[in-house]
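This briefing sets out selected local features of one protein structure. The points below are grouped by residue, with backbone geometry treated after the side-chain environment.

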Amino acid sequence: MYGGQRSAQWQHKVDTALAQAGFNRFKQLEGQWQGRSTKGWEETITFKTIAKGSVVVETSFDAHPNETMMTMFHLDGTRLLLTHYCVAGSQPRLAATSFEDGGNAITFTFLDATNLPSRDRGHMDKAVFRFEGENHFSAQWTWYQDGKENWMEEIKYERMR
């Protein structure tokens, strides 16, 4: 049986390992993907690892007509973070708060944001990524506004060959 401090150290190591494994999953997405949303639209996205392997950049084309958005994934010490550069004009940061199904499902929840004057102003608030082998994954994004989740959509992606 572990004491409080030793147990906390063990948990810290597990969290670090999970964050690193999750980050490595995003690195494995490098390339081009085609996505289809439950809202009916389609998009092409690319993943690229930059800055000596420290950041994974997702570039989204046409999720909003003639607009490009970006999401950056990186480790911050023991945490896995994402920053989403949204057409809404804000840049929400989300932290990975749950690793499930052997690391095949990662949930990110709102941490903070720039250009967001109030938590109740509409913004992306939660994202769940589910990895289904090397050539398929899904992303489920939740919009938060006026104190509640207002909508959610899921996008299913397939690697373009």
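Ser60 belongs to strand S3, which covers residues 55-61. The model is predicted, and the values given here are computed from it. Two loop residues, Ala51 and Asp101, are then considered for their backbone torsions.

**Environment of Ser60**

- The relative accessible area of Ser60 is 6%, so this residue is classed as buried, the cut-off being under 20%.
- The side chain of Ser60 forms a polar contact with the side chain of Glu43, at 2.3 Å.
- When neighbours within four places in sequence are set aside, Ser60 is in contact with Glu43, Thr44 and Ile45, and also with Glu67, Thr68 and Met69.

**Positive phi at Ala51**

- Ala51 is located in the loop that links strand S2 (42-50) and S3.
- Its phi is near 55°, a positive value in a residue other than glycine.
- Most residues other than glycine have a negative phi.
- With a relative accessible area of 47%, Ala51 is partly exposed, because that class lies between the limits of 20% and 50%.

**Positive phi at Asp101**

- Asp101 is placed in the loop between strand S6 (91-100) and strand S7 (105-114).
- The phi of Asp101 is near 50°, again a positive value in a residue other than glycine.
- Asp101 has a relative accessible area of 59% and is therefore exposed, as the cut-off for that class is over 50%.

Key:
Residues are numbered from 1 along each chain as its sequence is written. This is a predicted model: local features need pLDDT of at least 70, side-chain atom pairs count only at pLDDT 80 or more; totals for chains, interfaces and linings use all residues. Side-chain values use heavy atoms; hydrogens and water are left out. Helices (H or I, at least four residues) and strands (E, at least two) are DSSP runs, numbered from the N terminus. Buried means under 20% relative accessible area, exposed over 50%, partly exposed in between (1.4 Å probe, protein chains only). A polar contact is a pair of N or O atoms within 3.5 Å; within protein, one must be able to donate a hydrogen and the other to accept it, and residues adjacent in sequence count only if both atoms are side-chain atoms. Contact means heavy atoms within 4.5 Å.
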